[in-house]
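Biologist: I should be grateful for a close look at the charged side chains of this model and at the links around them. Please take the contacts in turn and say where each partner lies.

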Amino acid sequence: QVQLQESGPGLVKPSQTLSLTCTVSGDSIASNDYLWSWFRQPPGKGLEWMGAISSRGSTYYTPSLKSRTSISRDTSKNQFTLQLSSVTPEDTAVYHCARGLGTSWDDYRYRGQGTQVTVSS
(Lines give C-alpha, C1' and ligand atoms only; values in the text may rest on other atoms or scores of the structure.)
Protein backbone atom coordinates (compact mmCIF):
# COMPACT_ATOMS: atom_id res chain seq x y z
CA GLN A 1 0.00 0.00 0.00
CA VAL A 2 1.48 3.31 -1.10
CA GLN A 3 1.09 6.08 1.42
CA LEU A 4 2.07 9.74 1.25
CA GLN A 5 2.16 12.19 4.13
CA GLU A 6 2.71 15.93 3.91
CA SER A 7 4.48 17.83 6.66
CA GLY A 8 5.53 21.40 7.26
CA PRO A 9 4.50 24.64 8.93
CA GLY A 10 0.85 25.57 8.83
CA LEU A 11 1.52 29.30 8.94
CA VAL A 12 3.93 31.27 6.76
CA LYS A 13 4.46 35.02 6.69
CA PRO A 14 4.13 36.99 3.45
CA SER A 15 7.33 37.21 1.38
CA GLN A 16 8.77 34.12 3.07
CA THR A 17 9.37 30.69 1.52
CA LEU A 18 6.87 27.91 2.07
CA SER A 19 8.53 24.54 2.48
CA LEU A 20 6.66 21.23 2.62
CA THR A 21 7.92 17.66 2.68
CA CYS A 22 6.14 14.56 1.43
CA THR A 23 7.20 11.29 3.04
CA VAL A 24 6.44 8.21 0.99
CA SER A 25 6.04 4.62 2.13
CA GLY A 26 5.20 1.51 0.15
CA ASP A 27 7.07 2.63 -2.97
CA SER A 28 10.41 4.15 -3.88
CA ILE A 29 10.40 7.64 -5.36
CA ALA A 30 13.41 6.62 -7.42
CA SER A 31 11.78 3.57 -9.00
CA ASN A 32 9.13 3.06 -11.67
CA ASP A 33 8.03 5.72 -14.10
CA TYR A 34 5.82 7.89 -11.95
CA LEU A 35 5.57 11.57 -11.25
CA TRP A 36 5.67 12.68 -7.66
CA SER A 37 3.57 15.82 -7.69
CA TRP A 38 2.35 18.69 -5.60
CA PHE A 39 -1.20 20.03 -5.90
CA ARG A 40 -2.95 22.77 -4.01
CA GLN A 41 -6.51 23.89 -3.46
CA PRO A 42 -7.15 27.47 -2.34
CA PRO A 43 -10.36 28.17 -0.42
CA GLY A 44 -13.36 28.03 -2.74
CA LYS A 45 -11.28 27.07 -5.77
CA GLY A 46 -10.34 23.92 -7.63
CA LEU A 47 -7.24 21.79 -7.40
CA GLU A 48 -4.14 23.11 -9.13
CA TRP A 49 -1.17 21.01 -10.20
CA MET A 50 1.96 22.88 -9.15
CA GLY A 51 4.75 20.66 -10.33
CA ALA A 52 6.45 17.30 -10.06
CA ILE A 53 9.67 15.38 -9.83
CA SER A 54 10.02 12.17 -11.79
CA SER A 55 11.52 8.92 -10.62
CA ARG A 56 14.61 9.90 -12.61
CA GLY A 57 14.87 13.25 -10.86
CA SER A 58 13.59 15.48 -13.65
CA THR A 59 11.42 18.37 -12.55
CA TYR A 60 8.35 19.94 -14.14
CA TYR A 61 6.46 23.05 -13.11
CA THR A 62 3.23 24.75 -14.05
CA PRO A 63 4.17 27.94 -15.96
CA SER A 64 2.34 30.35 -13.66
CA LEU A 65 4.36 29.21 -10.64
CA LYS A 66 7.63 28.19 -12.25
CA SER A 67 9.56 31.28 -11.18
CA ARG A 68 8.70 30.70 -7.50
CA THR A 69 8.65 26.90 -7.25
CA SER A 70 11.32 24.32 -6.60
CA ILE A 71 10.81 20.60 -6.10
CA SER A 72 13.63 18.40 -4.87
CA ARG A 73 14.04 14.98 -3.32
CA ASP A 74 16.02 12.98 -0.81
CA THR A 75 16.03 9.39 -2.03
CA SER A 76 17.75 8.16 1.13
CA LYS A 77 14.70 9.28 3.12
CA ASN A 78 12.20 8.56 0.35
CA GLN A 79 10.95 12.14 0.57
CA PHE A 80 10.35 14.96 -1.86
CA THR A 81 10.05 18.61 -1.01
CA LEU A 82 8.18 21.65 -2.28
CA GLN A 83 9.53 25.15 -1.87
CA LEU A 84 7.42 28.14 -2.90
CA SER A 85 9.11 31.50 -2.53
CA SER A 86 7.77 35.02 -2.04
CA VAL A 87 4.41 33.81 -0.79
CA THR A 88 1.36 36.03 -0.54
CA PRO A 89 -2.05 35.44 1.05
CA GLU A 90 -3.16 34.09 -2.34
CA ASP A 91 -0.93 31.09 -1.70
CA THR A 92 -3.12 30.06 1.22
CA ALA A 93 -4.38 26.59 0.36
CA VAL A 94 -4.50 22.93 1.24
CA TYR A 95 -1.38 21.37 -0.25
CA HIS A 96 -1.31 17.74 -1.35
CA CYS A 97 1.42 15.43 -2.56
CA ALA A 98 0.56 12.55 -4.85
CA ARG A 99 1.89 9.80 -7.11
CA GLY A 100 0.68 9.43 -10.65
CA LEU A 101 1.09 10.68 -14.18
CA GLY A 102 0.20 13.91 -15.90
CA THR A 103 -1.24 17.04 -14.35
CA SER A 104 -4.82 16.01 -13.58
CA TRP A 105 -5.83 15.14 -10.03
CA ASP A 106 -7.89 12.27 -11.44
CA ASP A 107 -4.70 10.63 -12.73
CA TYR A 108 -3.27 10.31 -9.25
CA ARG A 109 -4.42 7.20 -7.44
CA TYR A 110 -2.24 7.69 -4.39
CA ARG A 111 -2.56 11.01 -2.58
CA GLY A 112 -1.65 12.51 0.75
CA GLN A 113 -4.46 13.75 2.95
CA GLY A 114 -3.30 17.32 2.50
CA THR A 115 -1.97 19.98 4.82
CA GLN A 116 -3.39 23.46 5.34
CA VAL A 117 -0.97 26.32 4.82
CA THR A 118 -2.03 29.84 5.67
CA VAL A 119 -0.05 32.87 4.56
CA SER A 120 -0.58 35.68 7.02
CA SER A 121 1.39 38.17 9.04
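Modeller: Four salt bridges are found in this predicted structure. One of them pairs aspartate 27 with arginine 99, whose closest N and O atoms are 2.7 Å apart. Aspartate 27 belongs to the loop between strand 3 (18-25) and strand 4 (35-41), whereas arginine 99 belongs to strand 9 (residues 93-100), so this contact ties together parts that lie 72 residues apart in sequence. Neither partner is left at the surface: aspartate 27 and arginine 99 are both buried.

Arginine 99 has a further contact, with an aromatic ring. Its charged end sits over the ring of tyrosine 34, at 3.7 Å from the ring centre. Arginine 99 therefore takes part in a salt bridge with aspartate 27 that joins the loop between strand 3 and strand 4 to strand 9, and it also places its charged end over tyrosine 34.

A second group of charges is built around arginine 40. Arg40, Glu48, Arg68 and Asp91 are linked in a network of salt bridges. Within this network, arginine 40 forms a salt bridge with glutamate 48, with 2.8 Å between the closest N and O atoms. The two partners differ in their exposure: arginine 40 is buried, because its relative accessible area of 7% is under the 20% limit, while glutamate 48, at 24%, is partly exposed. Arginine 40 also forms a salt bridge with aspartate 91, and here too the closest N and O atoms are 2.8 Å apart. Aspartate 91 lies in the loop between strand 8 (79-84) and strand 9 and arginine 40 lies in strand 4, so the pair ties together parts 51 residues apart in sequence. Both aspartate 91 and arginine 40 are buried.

Strand 4, which holds arginine 40, also carries one partner of an aromatic contact. The whole structure contains four aromatic pairs. In one of these, the ring centres of phenylalanine 39 and tyrosine 108 are 5.0 Å apart and the ring planes stand at 80°; an angle over 60 degrees counts as edge-to-face, so the pair is placed in that class. Phenylalanine 39 is in strand 4 and tyrosine 108 is in the loop between strand 9 and strand 10 (110-111), so the two rings tie together parts that are 69 residues apart in sequence. Phenylalanine 39 and tyrosine 108 are both buried. In addition, Trp36, Trp38 and Phe80 form one aromatic cluster.

Strand 9, where arginine 99 lies, is held to strand 3 by a covalent link as well. The structure has one disulfide, which joins cysteine 22 to cysteine 97 with an S to S distance of 2.1 Å. Cysteine 22 is in strand 3 and cysteine 97 is in strand 9, so that the bond links parts of the chain 75 residues apart. The angle about the S-S bond is 70°, and the link is right-handed. Both sulfur-bearing residues are shut away from the surface: cysteine 22 is buried at a relative accessible area of 0%, and cysteine 97 is likewise buried at 0%.

Strand 3 also has a place in a sheet. Four strands make up an open sheet in the order 1-3-8-7, with antiparallel pairing. Its edges are strand 1 (3-7) and strand 7 (69-74), each of which pairs on one side only. From one strand to the next, the twist averages 20°. Strand 3 and strand 8 run antiparallel and are joined by six bridges. Threonine 21 has threonine 81 in strand 8 as its bridge partner.

Two loop residues deserve a remark on their backbone. Most residues other than glycine have a negative phi. Serine 15, however, has a positive phi, near 80°. Serine 15 is found in the loop between strand 2 (11-12) and strand 3, and it is exposed, with a relative accessible area of 60%. Serine 86 likewise has a positive phi, of about 50°, without being a glycine. Serine 86 lies in the loop between strand 8 and strand 9, the loop that also holds aspartate 91. With a relative accessible area of 42%, serine 86 is partly exposed, whereas aspartate 91 is buried.

Conventions:
Residues numbered from 1 in each chain as written. Heavy atoms only, no water. Salt bridge = Lys/Arg side-chain N within 4 Å of Asp/Glu carboxyl O. Helix = DSSP H or I, 4+ residues; strand = E, 2+ residues; numbered from the N terminus. Buried < 20%, exposed > 50% of the residue type's maximum accessible area, 1.4 Å probe, protein only. Pairing = 2+ DSSP bridges. Axes fitted to C-alpha atoms, helices over the stretch in contact; angles between N-to-C directions. Phe/Tyr/Trp six-rings, centres within 6.5 Å; stacked < 30°, edge-to-face > 60°. Lys NZ or Arg CZ within 6 Å of the ring centre and 35° of its normal. Disulfide = S-S within 2.5 Å.
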